[in-house]
Amino acid sequence: MKIFYSTTSPYSTKVRMAAHYAGLPAEAISTDTNADPAELLAANPLGKIPALVTDDGVAVFDSRAIMNYIDRQTRGSLYPRNAAKRTEVDVLEATADGICDCLLAIVYERRSRPEEKVHQPWIDRQWEKAGRALDHLEANMPRLAKKPNAGHFALAAMLRYIELRFAGKWQRGRPKLKRFLTRFEAVFPDYAKFKD
């Protein structure tokens, strides 16, 4: 089994941490999506990461599809069976991933356009969305017991990414979010393996 990933991709980080936690053996293959590697394109015609290829050669892509695949393969290690609790985890994962969508839109706007063509109103709008979602998380921090779930992995990956790209710009007024990674590492000590 293989997971194509990038060290800076929060969606890749989420999937790799979850696979490791769930005990799903997969070879992690660092991938430069800009190079359009044939092996990645064979797994995902969109050329996006993460992408997982099973032992049988079945390709699974989009981080949430991969998370659900991992959960099915490991008998429910990432999502609760209770419908209400499952919905909570799904919404937490969607919120964390949505924040990453906004952050990546900002990064790509700055990276792919000449400075004079960067559209600041677009950046401001994306940051506003991310800020609202961060405030929502701060006000509704998820419980973190002894077993992390898919939402916790998504939140940890998002916080790692926002600190990587927007260090010092998100913490003010969000002490619970600032402390989350310390709490997360207590229940998932291998987090340090995924910091680079």
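Helices, in this tour, are DSSP runs of H or I with at least four residues, numbered from the N terminus. The model is predicted. With that in mind, the tour may begin.

**Stop 1: the sheet**

Select strand 1 (2–5), strand 2 (27–30), strand 3 (51–53) and strand 4 (59–61). Together they form an open sheet of 4 strands in the order 2-1-3-4, and the pairing is mixed. Which strands lie at the edges? They are strand 2 and strand 4, each of which pairs on one side only. From one strand to the next, the twist averages 20°.

Next, display strand 3 and strand 4 by themselves. They pair in the antiparallel sense, over 3 bridges. Within this pair, Ala51 of strand 3 stands opposite Phe61 of strand 4.

**Stop 2: two helices beside the sheet**

Add helix 1, residues 10–22, which packs on the sheet and touches strand 1 and strand 2. The direction of helix 1 makes about 155° with that of strand 1. Then add helix 3, residues 63–73. Helix 3 lies across strand 3 and strand 4, and runs at about 125° to strand 4.

**Stop 3: three features of the backbone**

Select Ile49 and Pro50. The peptide bond from Ile49 to Pro50 is cis, with omega near 0°. Pro50 belongs to the loop between helix 2 (38–43) and strand 3.

Why do such places deserve a stop? Most residues other than glycine have a negative phi, and most peptide bonds are trans.

Now select Asp36, in the loop between strand 2 and helix 2. Asp36 is not a glycine, yet its phi is positive, about 50°. Continue to Asp62, in the loop between strand 4 and helix 3. Phi of Asp62 is near 85°, again positive in a residue other than glycine.

Are these two residues buried, exposed or partly exposed? Asp36 has a relative accessible area of 46%, so it is partly exposed. Asp62 also counts as partly exposed, because its relative accessibility is 47%. The reasoning rests on two cut-offs: buried means under 20% relative accessible area, and exposed means over 50%.

**Stop 4: the nonpolar cores**

Show the side chains of Met17, Ile70, Leu155, Met158, Leu159, Phe180 and Phe184. Of the 54 residues in the largest nonpolar core, these touch the most other members. Which elements give two or more residues to this core? They are strand 1, helix 1, helix 3, helix 4 (83–112), helix 5 (120–139), helix 6 (150–165) and helix 7 (175–187).

Centre the view on Leu159. Leaving aside residues up to four places away in sequence, Leu159 touches Trp170, Leu177, Phe180 and Leu181. Another core, of 7 residues, lies apart from the largest one; Ile29, Leu40, Ile49 and Val53 are among its members.

**Stop 5: the largest pocket**

Select Ser9, Tyr11, Ile49, Leu104 and Tyr108. Of the 27 residues that line the largest pocket, these lie nearest its centre. The volume of this pocket is about 700 Å³. Helix 1, helix 3, helix 4 and helix 6 each give two or more residues to the lining. Which helix gives the most? Helix 4 does, with 6 residues.

**Stop 6: along helix 4**

Remain with helix 4 and select Asp97, which is placed there. Asp97 is buried, because its relative accessible area is 3%. Which residues does Asp97 touch, not counting residues up to four places away in sequence? The contacts are with Tyr11, Lys14, Ser63, Arg64 and Ala154. Add Met158 to the selection: Asp97 and Met158 are 61 residues apart along the chain, and their C-alpha atoms are separated by 7.0 Å.

Asp90 is also found in helix 4. Its relative accessibility is 30%, so Asp90 counts as partly exposed. The C-alpha atoms of Asp90 and Arg64 are separated by 9.3 Å, with their positions 26 residues apart along the chain.

**Stop 7: Trp127**

Finish at Trp127, in helix 5. Trp127 is partly exposed, because its relative accessible area is 28%. Not counting residues up to four places away in sequence, Trp127 touches Leu103, Ile106, Ile162, Phe166, Lys169 and Trp170. For a separation across the model, select Ala26 as well: Trp127 and Ala26 are 101 residues apart along the chain, and their C-alpha atoms are separated by 34 Å.

Methods: Residues are numbered from 1 along each chain as its sequence is written. This is a predicted model: local features need pLDDT of at least 70, side-chain atom pairs count only at pLDDT 80 or more; totals for chains, interfaces and linings use all residues. Side-chain values use heavy atoms; hydrogens and water are left out. Two strands pair if DSSP finds at least two bridges between them. Axes are lines fitted to C-alpha atoms, for helices over the stretch in contact, and angles run from 0 to 180 degrees between N-to-C directions. Contact means heavy atoms within 4.5 Å. A nonpolar core is a set of buried Ala, Val, Leu, Ile, Met, Phe, Trp, Tyr and Cys residues joined through side-chain atoms within 4.5 Å. Buried means under 20% relative accessible area, exposed over 50%, partly exposed in between (1.4 Å probe, protein chains only). On a 1 Å grid over the protein atoms alone, a cavity is a set of points where a 1.4 Å probe fits but cannot get out, and a pocket is an open set with protein on both sides within 12 Å along at least five of seven lines; lining residues have an atom within 4 Å of a point. Grid points are joined across faces, edges and corners, and a volume is the space filled by probe spheres set on the points.
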